[in-house]
Protein chains: 2
Amino acid sequence: MFQQILDATNRLQGFVHQTPILSSLTLNKMIGAEVYFKCENFQRIGAFKFRGAFNCISQLSDTEKQRGVIAFSSGNHAQAVALVAKLLGIKATIIMPSNTPQVKLDATRGYGAEIVIYDIETEDREEVTAKIQNKHGYTLIAPFNNTHVIAGQGTVAYEFLDKVPDLTTLLVPCGGGGLLAGSAIAAKGLNSSIRVIGVEPELADDAKQSFESGKIVTVPVSKTIADGTRTTALGHMTFPLIQQYVDEICTTTERAIIEAVKFHLLRMKIVVEPSGALGLAALLSKSIEPKGKVGVIISGGNIDPPVLQNILGE
Amino acid sequence: MFQQILDATNRLQGFVHQTPILSSLTLNKMIGAEVYFKCENFQRIGAFKFRGAFNCISQLSDTEKQRGVIAFSSGNHAQAVALVAKLLGIKATIIMPSNTPQVKLDATRGYGAEIVIYDIETEDREEVTAKIQNKHGYTLIAPFNNTHVIAGQGTVAYEFLDKVPDLTTLLVPCGGGGLLAGSAIAAKGLNSSIRVIGVEPELADDAKQSFESGKIVTVPVSKTIADGTRTTALGHMTFPLIQQYVDEICTTTERAIIEAVKFHLLRMKIVVEPSGALGLAALLSKSIEPKGKVGVIISGGNIDPPVLQNILGE
């Protein structure tokens, strides 16, 4: 799998942004460690999801490309698939729930994707998707349970350790586990002694429960502010990889997440979505004892303006 | 003067952040040019002012350093002088108006400076400053009307063109003119054909009036949202440099400034204070016709949370 991440790194050259790595002297002094942030909020579409989608879609056969792709997502994966399809001249259909904010509908449509809205009260997402998929022969691009997607997400950590090889610890937000699994494989491949820690909200701790019990645990849809981690369970492909390559999963409170978003915004001057701020939240709330050089992956920066307004008022 | 900027660049090594240069594919497509942003919002204290303060204070004589420094400012210059003094082990006294927001008082005090508050209704800032200065023998660190300060600010453009030498145009926010004068000298020294354009709010267009009339014009204190440019006039040192090295001064509306802050925030994922967003405001509102590679200096990112909340609600 490490080789697939290397291949993905080459495949993504020229399409993906080499996102900057930032640090904060104020933070380092506060917590007594050297913290480096890999800023995927500066990635195309504002999140790491572009990497996995590109690595996956660009490897489809010509026939599959001619038919088109389909995905269901109301968030960053939707925009990632839409933009990649546009760049590669492929038709994309995105299935979105009826409660998707207008701004996300517009952004996805802005990349030229066709949007199909399903009623969350009366329709089943999978059924809607399968029906359209079967009719047109579209290829489904899964958000995390797909080897090429996982390998693509792993390029984040690969780029990160290529620039800062001697990280002792790597903190990675965890939703469905694609970013965490891919990053853990890449990080351990480059530096076998690095500790890789997944971070998720206390309110959506399915990964921690799964990791500790040794089987995939499903939780109800969470109301956590970290909307990118509301996935109810790890995937059957991401879970075993996380078991094998990740050292620990820790959780953070909603309060810590909000404080982390504010610190990123007001002290570091960067916009980070709540899911993207999980690593800093774990550090600020001392869920993790930092030692030496700590790497934190900021997964994305797509935050709705009203949510940001509320956080600023806290 | 160009030599002084080179010297300042060496002097600042290891103290100043080499701030990143960012760009936005979305913006480039929107306006049909390649735009590069030099992000001084990521500078220490969140603004370029650290550079000038460091270049100035570090060159004081030992006697002057032993006595201490004094400055008046409610904004970024206050924090810059306070932090530089702290780093160099020098006592700093900052004179701040009684209406300074608590957050700025705290930040400046946080760097270990002594704060003296004067009553804006009944006291005169210069008199208060002179009295303390004379009593203790402090050296006054002017915010822009000082050669070493101007040379320090010029290092922004020096670093910028060192990385992107073939800029055709450089847009620089203009308040008292220290950043504009220093940057123009640095830019023309490295690339004689570059066009350097100062940008200020329509509501505080003293620099434009001065530039066009050939003498320093003073305007009343402006209510522009770009609080870093509320200075009522250019300095007697910055004005002739601006006349000699700057090609044009253009103005932007308050609406354009707000739109630019929002674009930086929601599309580029960076926090930029209104004064720092003047360059983008000029581009978005087509006050400037961009050609080829356009450089924009983002001067800082220190924005009060309530102001940011209001802008998000616009």
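Visitor: How many salt bridges are counted between chain A and chain B?

Guide: The count is 0 salt bridges between chain A and chain B, where a salt bridge is a side-chain nitrogen of Lys or Arg within 4 Å of a carboxyl oxygen of Asp or Glu. This is a predicted model, in which local features need pLDDT of at least 70 and side-chain atom pairs count only at pLDDT 80 or more, while totals for chains, interfaces and linings use all residues. Residues are numbered from 1 along each chain as its sequence is written, chains are lettered from A and ligands numbered from 1 in the order in which they are written, and side-chain values use heavy atoms, with hydrogens and water left out.

Visitor: What makes up the contact of chain A and chain B, and how much area is buried there?

Guide: Contact means heavy atoms within 4.5 Å, and 22 residues from chain A and 22 residues from chain B take part. Together the two chains bury about 1,800 Å², 68% of it on carbon and sulfur atoms; buried area is the accessible area (1.4 Å probe) that two parts lose on being put together, summed over both. A:Lys269, A:Gln309 and A:Leu312 supply 33% of the area that chain A buries against chain B, more than any other three residues.

Visitor: Which helices of chain A supply at least two residues each to the side that touches chain B?

Guide: They are helix H12 (254-267) and helix H14 (305-313) of chain A, helices being DSSP runs of H or I with at least four residues, and strands runs of E with at least two, numbered from the N terminus. H14(A) gives the most to this side, with 5 residues.

Visitor: Why is the pair B:Glu114 and B:Lys91 called a salt bridge?

Guide: The side chains of B:Glu114 and B:Lys91 meet at 2.8 Å, N to O, and because 2.8 Å is within 4 Å, the pair satisfies the rule. The pair links distant parts of the chain, since B:Glu114 is in strand E5 (residues 114-118) and B:Lys91 in the loop between helix H5 (76-88) and strand E4 (92-97) of chain B, 23 residues apart.

Visitor: Are these two residues buried, partly exposed or exposed, and what makes them so?

Guide: Buried means under 20% relative accessible area, exposed over 50%, and partly exposed in between (1.4 Å probe, protein chains only). B:Glu114 has 39% and B:Lys91 has 38%, so both count as partly exposed.

Visitor: Where do B:Glu259 and B:Arg255 lie, and why is their pair a salt bridge?

Guide: Both lie in helix H12 (residues 254-267) of chain B, 4 residues apart, about one turn of the helix. Their side chains meet at 2.9 Å, N to O, which is within the cut-off, and therefore the name applies. B:Glu259, at 35% relative accessibility, and B:Arg255, at 42%, are both partly exposed.

Visitor: How do you know which relation connects chain A and chain B?

Guide: Chain A can be laid on chain B with an RMSD of 0.0 Å by a turn of 180° and a shift of 0.0 Å along the axis, copies being superposed by least squares on the C-alpha atoms of residues with pLDDT of at least 70 in both. That is the relation of a two-fold axis. In chain A, the C-alpha nearest the axis is that of A:Ile270, 2.2 Å from it. The same surface serves both copies, as 100% of the contact residues of chain A recur in chain B.
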